[in-house]
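Student: Could we go through this structure together, step by step, with a question and an answer for each part?

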2 protein chains.
Amino acid sequence: MTDPTFHVYDTTLRDGAQQEGINLSVADKLAIAPLLDELGVGFIEGGWPGAVPKDTEFFKRAAKELDLRNAELAAFGATRKPGTRAVDDPQVRALVDSEASVVTVVAKSDVRHVERALRTTPDENLAMITDTVTFLRREGRRVVVDAEHFFDGFAVDAAYARAAVLAAFEAGAEVVALCDTNGGMLPDQVREVVLDLRAHVGPAAVLGMHAHNDSGCAVANTLAAVEAGCAHVQGTVNGYGERTGNADLLSVVANLELKLGRPVLARTEGVPGGLAELTRIAHAISELTNISPFARQPYVGASAFAHKAGLHASAIKVDPDLYQHTDPGLVGNDMRMLVSDMAGRASIELKGRQLGYDLAEHPDVLARLTHRVKDSEANGYTFEAADASFELLLVEEVEGRRPTYFRVESWRAIVERNGGRGTPATAEATVKLHAGGERIVSTGEGNGPVNALDHALRQALLRVYPELGEFELIDFKVRILDQMHGTDAVTRVLIETTDGETSWSTVGVGPNLIEASWEALTDSTIWGLRHHGVAPR
Amino acid sequence: MTDPTFHVYDTTLRDGAQQEGINLSVADKLAIAPLLDELGVGFIEGGWPGAVPKDTEFFKRAAKELDLRNAELAAFGATRKPGTRAVDDPQVRALVDSEASVVTVVAKSDVRHVERALRTTPDENLAMITDTVTFLRREGRRVVVDAEHFFDGFAVDAAYARAAVLAAFEAGAEVVALCDTNGGMLPDQVREVVLDLRAHVGPAAVLGMHAHNDSGCAVANTLAAVEAGCAHVQGTVNGYGERTGNADLLSVVANLELKLGRPVLARTEGVPGGLAELTRIAHAISELTNISPFARQPYVGASAFAHKAGLHASAIKVDPDLYQHTDPGLVGNDMRMLVSDMAGRASIELKGRQLGYDLAEHPDVLARLTHRVKDSEANGYTFEAADASFELLLVEEVEGRRPTYFRVESWRAIVERNGGRGTPATAEATVKLHAGGERIVSTGEGNGPVNALDHALRQALLRVYPELGEFELIDFKVRILDQMHGTDAVTRVLIETTDGETSWSTVGVGPNLIEASWEALTDSTIWGLRHHGVAPR
């Protein structure tokens, strides 16, 4: 049974977004939050409303658009400014205005930072904590205090670091999270400090841990803190974060559940979620952050359960548990070397069933489809985020061919700029195709080549298939797959289309970005028409 | 003073080479070994002579070609086969023939592996250890025994696991390394087992630790073992290895030296080496393995000391040590300020100083530059990953204009496909520009429009600027910025170029992907020429 008093607190959307190369839009955040909820975290820190305009918008839209099952949204901010009152501080006010039920305020607990960075007195800093927490409690918020630079501060002036934590609890904070902000701690040091603090705050106080990975020990530091009495862990999906990143929340929860026997993720009976979805959710979020997944990532990495064939191959086949630290199925991953065919088939069969096809009754189709999926994936395709392309592949294997709504004769896209820097470029595309018994030539313009191709294709088909009028492209993602070949690299394009009610995703791959986009565009059109029950004309 | 009794044992060339995607030639190994020696490790495990033909060759050539200052080469192999004698076992014989002064033999210590994988009796396995070690000692070799699956075996049958270790020591092994072969241990478990074993083997026996990172705790597990009494640590550079990899030896030694005050790397007075070369050596080895460096890697990663939050920039300037867990110079890395949308004047000033411009003396330039950076970022630019574009902006503000190496009249890119699905598309680009007093028209082909434009631009300029011949595009990243507008969205392109010695990144932004790519391509060319001291011709 999951321990309801233990907090799994995710800060991917706030501290994770500090990572070099991550720049999340409001839409990205609105797409990531439900995945975190599905995983079963208890808290999702969404950003800093008031300080960052797009975070203000996120909380506004989240209140209307998100329907979270397990998690509460937390707004992040800081204690009030020195020499003011919390009630008059617009930054604190914005946290209340965000309407998040949980507010997390960062507070200084290292006396050097109080004096040199905040430039105020140690006493005023304590007053800022007391005043801010008291105000937020009075406004009906649950309050978490992040004690910034806590471990470094403890080393310099333990009494002051303790005083900051005690001030927060006395003012009504539900949790004080001890932050290794600079990330240089080692597990034994963390344990020692947490044990000391536990003795001072009393058994009822909830302490938390917020670790960074600068010494390569963020996960171990978090576990050491839990074993020393912390009941609240902060981290980010895939360990995203500034510098070396935050504690990878995925490794933390997997270790807690699988190694230490502490179920901490919320689960709804009969609803997919929890640890078994760990790998899928990790990869889905990496698509949204557009950060390539790290193959060696514990538990969820593509290589995490991959064995190089060799010495032990036959022994692994007989007794896989002798060669893996945990069953990869428990975290939704696969042992790749020996069971990959079986596991692949099983998940493809499952996927087929979700789409309404019983492939178990057609083992030959299942085998061919599994082969094609594996072959495509080896060439850079991903079907994880492109259900519609997967379904077209499945339809092709089940029905012998994919639906032919049109036959393309040729297409061409031209981008040109006549002038120097500052002159706008123009894009134009021509599509020649056959549909509804005619040959159609259509030219479209756009602000880029893919946009122009989309316009030309849509315009060409609209007369024959007026149903297309409802379709709209809502997302377009590009990933370069092989980092070492510059513009020679293979490109993967993911396209998401909506008809106003449902949305679907398709994938295209190739060395030529425009060609890959064309593949995803045409697949999107075909899937949409088929989904609407339109027969080829 | 470095502790001469403590062993830093590198297995990059053997266990690290098990990583998916790594395939080291003999020449690669001969190039990596001197770098490990320079770092100051005591042992370099070179491979498995006899079992792997290229490893046999490596040891043969290493004996003649390598001149190691600090490290001894270790040959890796296994205990003899069941039911034979070590002296008659060709695999054991090959270890002696390698002429390595140190031989490391892997031995089973998990009774389940003895019975199910080795298919022999527990007693025969102990005899194999005794016989093999005795033989190798008699041949004059220093012997390390890797106790495979030791921790898993200890959990199942501690007495047998201990017996395997004791058999090795009794036969004359210098070190027994305890292997967490499946990588699932946590630090507290490691500590407990090592403490137990220490009590059984006596104070003179040297125990070692060999950790894998499957629970994300390999570094912490290694440190826990050291604190519990191990005096020999095994690991790999950059944490290379099968599945999630081995313990990252770089993090292990940096933590031991900087956090625990135990100098463990060999140093030769007056010769560069040791921890100060950590970052350079990590990157040099990643060039040889052809595995892209992981930006978030502790101590040596490109992001390891990079700060984004503008919030603290002014404080960082005054007191950098408040914001870093260690001085990056101690591991040969740099503190880097990322210019991001949270950045203010202070971080831009700091960034300027890193590039060699003192903007504090030019407050008007600093103000204009800050304004332009913020303005550009609001339009989708990011300079945190595009130092070269930032520098061109800075140069423009400081010198009044950016260098004019060429003047573009027009460019055009065409992508077309004449045929249906499966027919390949072609890409062609034409560039018209003025440089070196002439008007140049150049056409390039490529596998995509950006590739074709890159070829056309390069070809146009090469006659006037032959320096361009060394430049090569090595990375191309595309990001769609506003998720909700499909192909109408704004696109950001990041390009990385190298001249073989240094590499630089530029950014381009716009609704048109090709136009954004063109901007990044031309900026890259301009920065590169300027960096090489080339004057506009």
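Student: Which residue of S12(B) does Ser410(B) stand opposite?

Tutor: Since we are looking at a predicted model, each statement here describes computed positions. S11(B) and strand S12, residues 426–435 of chain B, pair in the antiparallel sense over nine bridges. Within S12(B), the residue that stands opposite Ser410(B) is Lys432(B).

Student: S11(B) is also joined to a strand of chain A, so to speak across the two chains; how many bridges join S9(A) to S11(B)?

Tutor: Strand S11 covers residues 407–417 of chain B, and it runs antiparallel to S9(A). One of the bridge partners in S11(B) is Glu416(B), which is matched with Arg412(A), and another is Ile414(B), whose partner in chain A is Ile414(A). The number of bridges that join S9(A) to S11(B) is eight.

Student: Which element gives the largest share of the side of chain A that touches chain B?

Tutor: The contact as a whole takes 95 residues from chain A and 99 residues from chain B. On the side of chain A, the largest share amounts to 11 residues, and these come from a strand that spans residues 407–418, namely S9(A).

Student: How many residues on that side of chain A are charged?

Tutor: The side of chain A that touches chain B can be divided by class, and it has 37 nonpolar and 34 polar residues. The remaining class on this side, the charged residues, numbers 24.

Student: Turning to another sheet in chain A, which strands are the edge strands of the open sheet S12-S13-S14?

Tutor: In this sheet of chain A three strands follow one another in the order S12-S13-S14, with antiparallel pairing. An edge strand here pairs on one side only, and this holds for the strand at 472–480 and for the strand at 503–510, which are S12(A) and S14(A).

Student: Which residue of S14(A) stands opposite Leu494(A)?

Tutor: Strand S13, residues 491–498 of chain A, pairs with S14(A) in the antiparallel sense over eight bridges. Opposite Leu494(A), the residue in S14(A) is Val507(A).

Student: Which helix lies across S12, S13 and S14 of chain A?

Tutor: The helix in question covers residues 513–531 of chain A, and it runs at about 150 degrees to S14(A). The helix that lies across these strands is H17(A).

Student: What domain does the UniProt annotation give for residues 6–272 of chain A?

Tutor: Over residues 6–272 the chain is 43% helix and 17% strand, and the end C-alpha atoms are 21 Å apart. The UniProt record, an unreviewed entry, annotates these residues of chain A as the domain "Pyruvate carboxyltransferase".

Conventions. Residues are numbered from 1 along each chain as its sequence is written. Chains are lettered from A and ligands numbered from 1 in the order in which they are written. This is a predicted model: local features need pLDDT of at least 70, side-chain atom pairs count only at pLDDT 80 or more; totals for chains, interfaces and linings use all residues. Two residues are in contact if their C-beta atoms, placed from the backbone, lie within 7 Å. Helices (H or I, at least four residues) and strands (E, at least two) are DSSP runs, numbered from the N terminus. Ala, Val, Leu, Ile, Met, Phe, Trp, Tyr, Cys and Pro count as nonpolar, Asp, Glu, Lys and Arg as charged, and the others, Gly among them, as polar. Two strands pair if DSSP finds at least two bridges between them. UniProt positions are given in the numbering used here, feature names are shortened, and annotations may be inferred rather than shown by experiment. Axes are lines fitted to C-alpha atoms, for helices over the stretch in contact, and angles run from 0 to 180 degrees between N-to-C directions.
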